[in-house]
Every structure is written in C-alpha cells, then in structure tokens.
Amino acid sequence: MALYRFRVTFEDYDDVSREIDIKSTQTFEDLHRAIHQSTGYNSEYSSSFYISNDQWLKGEEVTYLPNQRRIDRGVALMEKVKLSSRIDDPHQKFYYTFNFDRPFDFHVELMKIILDETPGVTYPAIIKSTGDAPRQFVTVADAATAATAETGADDFDFLSEMGMNHEDTEDFSEVDETGEAVADEHEEAEEDEFGSEFADDDNFEDDSKSHDDY
C-alpha cells in the first residue's frame, strides 16, 4: 500500500516543520490528528484543509467539526474523505487552517510517494520534527512577557496591552511595600483642607462650663 510523505510548515514560523508519513487510504482527519500529535496541540477544534495550487490559493474545502454555515454548504468532512481522493499532483499542496477562533495556518505539501510500508510502524508516523511549535494559546502574562522582552521593561505599556485607557488608573490605589494602600496626594490635600476648618477649637467653649448649675 502506498504512503504519502507530507511536509508541514507553519505559515508564520519558517523554522518549524514536520514530516509525516501516512497511508494513501487514510483520511484527512488522520492527517489532522497527526499534525497535532507533532505540535502537542489539542486537535478538537474546528479546522479545514483546502485543496491548493502552487500559490497556496484555497480551493475545495474539507472540514472538521464544521459550523452550521459549512454544514449548510455541504462541505466535505475530514473523517469521510480519503487522502488519495484529493491528490492528483506529485507535489499536491493543501492549505490548512487549524482552530478558526484562534487560527494557525499551515502549508502541507506532498514530498513523495513511498510504495512500501515499513514493517512494525504505525501510520500516520512523524518521521522528522524541526523547531518547537508556538504555544497553542497565548495568555495575558505571555503577551506581557513577550512585549517586555521586545521593547524593554520601561517601554512596555501594560494598560495598552490590556485594552485599557490611562484614565482608568484613577480608580487604582498605589500599594506600599507592606501591602497597604497609599492615599492619593490630592485626596490628602482635600482632607487637610476640610479637616482644618474643624480642627481649630481655640474659640470653642464647652457649654457645660459656661452655665451655672441650678
């Protein structure tokens, strides 16, 4: 039984690549899962392969976990489509988008066709792995760390990264080394101003001492 050897690369990360051997009779879902076995990603996200030309232009779509729009359009499902049914070029290309909510885009290219399986190997098989895949999900902390590394700690604007305006900081209190909130200088000034009006009791006499007892 023939094997296909695919080279899989991230569109935005040229230094990360994988080579995968897979049976011609296996499905696009098998290839989908093999790719994420090699990246360490959770594969259970809506994704699609697109039959592509040499310029990576998207053609026919083959999808996994389709949304209602794709269902209504009758897009072919990965688990039902064998790889051999969509390969008619010795260097067939597929444009692959993984996780439409937070997408990674890949180029998947057929490198060669192997006529004989290797005894004892379970396919799909990852035969070469180059570079570390980027993290599947980037947290706020990851973004802050990356931005600090690129721009320097003094230049990193955390509020901008969080989508907040600098005016929003009016609601924040400073905290000293003991963890206690530090009062705003403007607020202290207002307190002193009003407090001073009532602090002067030089002219205040206690009525209890100014009247004779009866």
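The following conversation goes through some features of a predicted model and the reasons for the words used to describe them.

Biologist: Before we turn to single residues, how many helices and strands are there in the chain?

Modeller: The chain has six helices and 10 strands, and buried residues make up 31% of its 214 residues.

Biologist: Why is H36 called buried?

Modeller: H36 has a relative accessible area of 3%, and buried means under 20%, so H36 is called buried. This residue lies in helix α1, which covers residues 28–39, and, leaving aside residues up to four places away in sequence, H36 touches Y41, S43, Y96, F98 and F106.

Biologist: What makes D132 exposed?

Modeller: A residue is exposed when its relative accessible area is over 50%, and the value for D132 is 72%, so D132 counts as exposed. D132 is placed in the loop between β8 (125–130) and α3 (140–151), and together with D12, D14 and D15 it gathers in a patch of negative charge on the surface.

Biologist: Why does G59 count as partly exposed?

Modeller: Partly exposed is the class between under 20% and over 50%, and G59, at 42% relative accessibility, therefore counts as partly exposed. G59 belongs to strand β4, residues 58–64, and it touches Y50 and I51 when residues up to four places away in sequence are not counted. The C-alpha atoms of G59 and F49, which are 10 residues apart along the chain, are separated by 9.2 Å.

Biologist: How do you know that R33 forms a salt bridge with E29?

Modeller: The rule asks for a side-chain nitrogen of Lys or Arg within 4 Å of a carboxyl oxygen of Asp or Glu, and the closest N and O atoms of R33 and E29 are 3.0 Å apart, so the pair fits the rule. Both residues lie in helix α1, four residues apart, which is about one turn of the helix.

Biologist: Are R33 and E29 buried, exposed or partly exposed, and what decides the class of each?

Modeller: With buried set at under 20%, E29 counts as buried because its relative accessibility is 16%, whereas R33, at 33%, counts as partly exposed.

Biologist: Which other residue meets R33 in a salt bridge, and what does that pair tie together?

Modeller: The side chain of E44 meets that of R33 in a salt bridge, at 2.8 Å from N to O. E44 lies in the loop between α1 and β3 (47–52), while R33 lies in helix α1, so this pair ties together parts that are 11 residues apart in sequence. E44 has a relative accessible area of 38%, so it is partly exposed, and E29, R33 and E44 are linked in a network of salt bridges.

Biologist: What makes R86 and E60 a salt bridge, and which parts does the pair tie together?

Modeller: Their closest N and O atoms are 3.0 Å apart, and the rule sets the limit at within 4 Å, so the pair qualifies. R86 lies in the loop between β5 (76–77) and β6 (93–98) and E60 in strand β4, so the salt bridge ties together parts that are 26 residues apart in sequence. Partly exposed is the class for R86, whose relative accessible area is 22%, and also for E60, whose value is 40%.

Biologist: How many salt bridges does the count come to by this rule?

Modeller: The count comes to eight salt bridges.

Conventions:
Residues numbered from 1 in each chain as written. Predicted model: local features only at pLDDT ≥ 70, side-chain atom pairs only at ≥ 80, totals over all residues. Heavy atoms only, no water. Patch = residues over 30% accessible without salt bridge, like charges linked within 9 Å, V, L, I, M, F, W, Y side chains within 5 Å. Areas by Shrake-Rupley, 256 points an atom, 1.4 Å probe, with all protein chains shown as cover. Lys, Arg positive; Asp, Glu negative; His and termini not counted. Charge placed at Lys NZ, Arg CZ, Asp CG, Glu CD. Helix = DSSP H or I, 4+ residues; strand = E, 2+ residues; numbered from the N terminus. Buried < 20%, exposed > 50% of the residue type's maximum accessible area, 1.4 Å probe, protein only. Contact = heavy atoms within 4.5 Å.
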